[in-house]
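Subject: Handover of a structure and summary of findings

Dear colleague,

Please find below the structure that I am handing over to you. A summary of what was found in it follows, and I would ask you to read the two side by side.

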Amino acid sequence: MQPDHKKAWNDHHKMLADTLNKPAAAAEAAELFLKLHGTLYASGEAHAEHWNFEDELLKDLREQTMRLYPVSTPGSSNSIVWHLWHSARVEDITVNMLIAGGEQVLHKQHFAGRLGTDVHHSGNGMAAQEMERFSIKVDIPALRAYRSAVAFRTREIIGSLQPEQFKEKVRPERIAHLAKEGAVMASEQWLIDYWAGKTIAGLILMPATRHNLVHLNKAGRIKHKYQK
């Protein structure tokens, strides 16, 4: 990951945080969100016009490197495929269930069967054996398609929000639905409590943007260490 791109992204993310607190600047906030979010998911183009964090990660990335588990890198022992999947899962859950009050892309577009894994929660709290099995079994083309579908739906939802919605707290009934749907493991109540304390703007900032960058950075460190 190139430092100048990360610095520019972080600077724009700070601007987004400020803009989300100004209802009169809702259109500007949505535009800035789309710009930031667009750099976090693969463009799907061989020669993309703009630099992109996931494009850079996937360039010349070997499948063996993607599935490698465990790894020894700062802040994570998880595989690249796990980081890509987990960041998309968390976004799918929070944006579709908590912000929009709708159905997850995972189920609505039938990715639960296509991904080749029976892990349907957020990925938090997985044991080492589960992580290893996931890293071996997950279908990579399906994973990339899932990420793309999640990104597309997120942009639809955030782009349709009204200015007054940014300051709204997450509705309690939507939080309760997380457990009913098994979106988060029972052992990870802390995560549900964390989301419950957020506003819509807070969820846009974390996880819908920064959480993705964190995991792309971790995946990039794995690539840099194991595929020189």
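Where is N124 found? N124 sits in the loop between α7 (111-114) and α8. Before going further, please keep in mind that this is a predicted model.

The chain as a whole

The chain has 13 helices and zero strands. Its radius of gyration is 17 Å, close to the 17 Å that the globule rule gives for 228 residues, so the chain is as compact as a globular protein of that length. Along the principal axes, the C-alpha atoms fill a box of roughly 50 × 40 × 30 Å. Of the 228 residues, 49% count as buried. The accessible surface of the chain comes to about 11,100 Å², and carbon and sulfur atoms make up 53% of that surface. If one takes the contacts with a separation of 6 or more, 75% of them are between residues 24 or more positions apart.

N124 and L191

We may now return to the loop residue. N124 is buried, because its relative accessible area is 15% and the cut-off for buried is under 20%. The side chain of N124 is joined to that of S122 by a polar contact of 2.6 Å. Neighbours within four places in sequence set aside, N124 is in contact with H86, V90, M185, E188, W190 and L191.

The last of these residues, L191, has its place in helix α11 (residues 189-196). L191 counts as buried, at 6% relative accessibility. N124 and L191 are 67 residues apart in sequence, while their C-alpha atoms are 8.5 Å apart in space. Again without neighbours within four places in sequence, the contacts of L191 are S122, N124 and V184. S122 therefore appears twice in this part of the model: S122 is in contact with L191, and its side chain has the polar contact with N124.

Aromatic pairs

The structure holds three aromatic pairs, and two of them are described here. A pair of aromatic rings is described by the distance of the centres and the angle of the planes.

In the pair of W51 and F53, the ring centres are 4.8 Å apart and the planes stand at 85 degrees, so this pair is edge-to-face. W51 is partly exposed, with a relative accessible area of 24%, whereas F53 is buried, with a relative accessible area of 1%.

W85 and F134 form a tilted pair, with 4.6 Å from centre to centre and 45 degrees between the planes. Why does this pair tie together parts that are 49 residues apart in sequence? The reason is that W85 lies in helix α5 (residues 80-99) and F134 in helix α8 (residues 128-137). W85 is buried, with a relative accessible area of 0%, and F134 also counts as buried, at 2% relative accessibility.

Salt bridges

The count comes to six salt bridges, and three of them are set out below.

- R147 and E54: the closest N and O atoms of this salt bridge are 3.1 Å apart. R147 lies in helix α9 (residues 140-159) and E54 in helix α3 (residues 53-58), so the pair ties together parts that are 93 residues apart in sequence. Both residues, R147 and E54, are buried.
- D92 and R89: the side chains meet in a salt bridge of 3.3 Å, N to O. D92 and R89 are three residues apart in helix α5, and so are separated by about one helical turn. D92 is buried, and R89 is buried as well.
- K59 and E56: in this salt bridge the closest N and O atoms are 3.5 Å apart. K59 counts as partly exposed, at 46% relative accessibility, and E56 is partly exposed too, with a relative accessible area of 23%.

One element links two of these sections. Helix α5 holds W85 of the tilted aromatic pair, and D92 and R89 of the salt bridge are also in helix α5.

With kind regards,

A colleague

Terms used
Residues numbered from 1 in each chain as written. Predicted model: local features only at pLDDT ≥ 70, side-chain atom pairs only at ≥ 80, totals over all residues. Heavy atoms only, no water. Phe/Tyr/Trp six-rings, centres within 6.5 Å; stacked < 30°, edge-to-face > 60°. Buried < 20%, exposed > 50% of the residue type's maximum accessible area, 1.4 Å probe, protein only. Helix = DSSP H or I, 4+ residues; strand = E, 2+ residues; numbered from the N terminus. Salt bridge = Lys/Arg side-chain N within 4 Å of Asp/Glu carboxyl O. Contact = heavy atoms within 4.5 Å. Polar contact = N/O pair within 3.5 Å; in protein donor to acceptor, adjacent residues only side chain to side chain. Rg over C-alpha atoms; globule rule 2.2 N^0.38 Å. Areas by Shrake-Rupley, 256 points an atom, 1.4 Å probe, with all protein chains shown as cover.
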